[in-house]
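Visitor: Please show me the model, and then let us go through the grounds for what is said about it.

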Amino acid sequence: MYIYDEIDQTLVDQRVNQFRDQVRRRIAGELSEDEFKPLRLMNGVYLQLHAYMLRVAIPYGTLSAEQLRKLAWIARKYDRGYGHFTTRQNLQYNWPKLEELPDLLAELAGVQMHALQTSGNCIRNVTADQYAGVAADEVIDPRIHAEIIRQWSTLHPEFTFLPRKFKIAVTGAETDRAAVKVHDIGLIAKRDAAGELGFEVIVGGGQGRTPMVGPTIRDFLPEKYLLSYLEAVLRVYNRLGRRDNMYKARIKIQVHETGAEKFTEMVEREWEQIRDTAVELPAGERERIAAFFNPPLYDATGDGAEILARDVAGDADFARWVSTNVAAHKADGYAIANISLKPIGGVPGDASAEQMDAVAALAERFSLSEIRVTHEQNLVLPHVRQDDLYAVWQTLKSYDLHTPNLGLVSDMIACPGLDYCALANARSIPLAQEISQRFADLDRQHDIGELKLKISGCINACGHHHVGHIGILGVDRKGEEYYQITLGGSGAEDASLGDIIGPAFPYDRVVNAIETLVDAYLGVRADGERFLDTYRRLGADPFKEALYGTH
Amino acid sequence: MALIKDRELSQDSWLYIEDGAPVPSAGGAIVSLERWQAERDQLSGRNAPIGVRLDADTAPESLAVDIDRLDLIAVPFDHFKDGRGYSTGRLLRERFGFTGELRAVGDVLRDQLAFLERCGFDSFEYAGGTAAADALKAFDEIGVVYQTATDRRQTAAAVRNHPSRAFSNGTSG
């Protein structure tokens, strides 16, 4: 993974000092809360319902064991012993004290981490495929360019006061695990006929109150023009994006209102003027960054596959975990182990300090000291030898990290909702917990198969409900929590937005409604069909009938 | 309100002239874009410094042809969160080659100064609540830059690829 040099370290250290002074000025009353707000937001500090919340950046979801240990340590010292992994591959602490934040950030800087640009109307922490570097269907490790973008966007002087927040996701694989089509900019690495590397550029996707699958504005951008092209998109947005209404200020609205074709022309015209200036990295720098992501030295000796087969045959629980949570690795003898942060009845994405320490220790021993965070709020050990999987699973089991539910109905995304968030209309977490308990029977979950259920506590859609196979949106109806259900969304390479199925349900009827939908699917599915496939084949009718029909 | 010019507290020698009000024959005068466009020959024949105020929603392209006749361009920030002026600054400097005084006016606060400077602004009508002298420190708080901008400071990548170069915080580059 990328290791800071003195220059990178200087920046985060200076940034901590700068923030320390900003906090001092706030506490001394030199800054009003209004003036302080953009400054703290630039450093990931939100004022939530009960306390300040700090969002720590985990660029493109890659962590070292040492970094995860530090996150655990911070959770104990500055929070209440846990942290929450988010859909942007970040980590949130819900209970830090304002006056302690500078020290907390200094601790992070000590392990080459920061909270830069995890909020505010700037270019946010860049995300990427969690299987970067280990997926077999990959053109290139997307973290190389994600790191290039991270550096370019860090304290970018022109793009720090954009009309609204700006999210970039990168993938290098055919299977889209990074939801690139619902980002402000999504980049898909590909090669042209001559074998040259470049990117498909998608602009103006997004979720929130106006969900959109972004159009491709350029099929192939040669790699060497990446930064100038991004700069052109951002400049067109910064100059002409709407600022009159914060709900219409995302770039997706600009692209939609301008028209994708005209917007593309504007970008291309701007790009023509800057494409051969000094925006791009100098020769050598790309190679320097890329070298950090060279594949590690794998050791494929031994009878990994055979030992794994024996372990699977001897333990049905382990076998089940392998079938759901373990993915193919591009190197012989290795596997990708997914760690579910969705235990039955748990809070999606929460991890205790003990769990973080346990995963860090596992990574050190079995995964070349590397961990990934997924946008679906789980963790990944990306480089596990097949013959070590059983040992890994046994340790996970003793920390309640072994739930074999990856991609199943209880592997939900849920935003923090009304339990924490100042914007929420309704609770998300307790609902997720109740649904998870209703489907606690793992045999049943496995029978149901892949089902992406996503819950947002308000229209801002932090829980990605628009792209859930089943999406649940909390709304406020005269002070009462109601939930609208959408079906047929997908955040993958076949991206689509869910359709509202009918009238919303009050809180205590939602779990039944979800079960009714699942049962309806089981009644009509064809062989091998996922919930999403059945919905796409048959449309909403059988589901509507099951939910609202008169019996 | 204090004026910061080239990173120092400075006396403001410019006057804003309302549309319709007479322009004094001597001393720096800042007029609206409309007035400039209507009276550019008289105004530039005045033999005294002339400046134009370019509102946030006006494209900097409107001044492209006049750029060499202007001594100052004032770019208002009605609210610090409105970041259009950053692009305006870069375009005026980098695309249209403006070499006069580029002044940020309005809601210009301490923690925007360094970003503004990187986008080509060299003078600031400082509106911050803290003492302007203290705000001068803001220019030097972060000594590393990752991206090229108007100030042409050495980027991290440039320093790495030419290790003999050190970071400089100056605007000379």
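Visitor: How far apart do the C-alpha centres of domain 1 of chain B and domain 2 of chain B lie?

Guide: The two centres are 26 Å apart. This is a predicted model, in which local features need pLDDT of at least 70 and side-chain atom pairs count only at pLDDT 80 or more, while totals for chains, interfaces and linings use all residues. Residues are numbered from 1 along each chain as its sequence is written, and chains are lettered from A and ligands numbered from 1 in the order in which they are written.

Visitor: What makes 2-136 and 142-173 domains of chain B?

Guide: An automatic or database domain assignment sets the bounds; domain 1 of chain B is 2-136 and domain 2 is 142-173.

Visitor: How many residues of domain 1 of chain B are in contact with domain 2 of chain B?

Guide: Contact requires C-beta atoms, placed from the backbone, within 7 Å. By that rule, 9 residues of domain 1 of chain B meet 5 residues of domain 2 of chain B. Helix 2 (84-95) of chain B gives the largest share of the domain 1 side, 4 residues; a helix here is a DSSP run of H or I, at least four residues, numbered from the N terminus.

Visitor: How many residues of chain B are in contact with chain A?

Guide: There are 29 in chain B, in contact with 34 residues of chain A. Helix 5 (156-161) of chain B supplies the largest share of the chain B side, 6 residues.

Definitions and conventions: Contact = placed C-beta atoms within 7 Å. Helix = DSSP H or I, 4+ residues; strand = E, 2+ residues; numbered from the N terminus.
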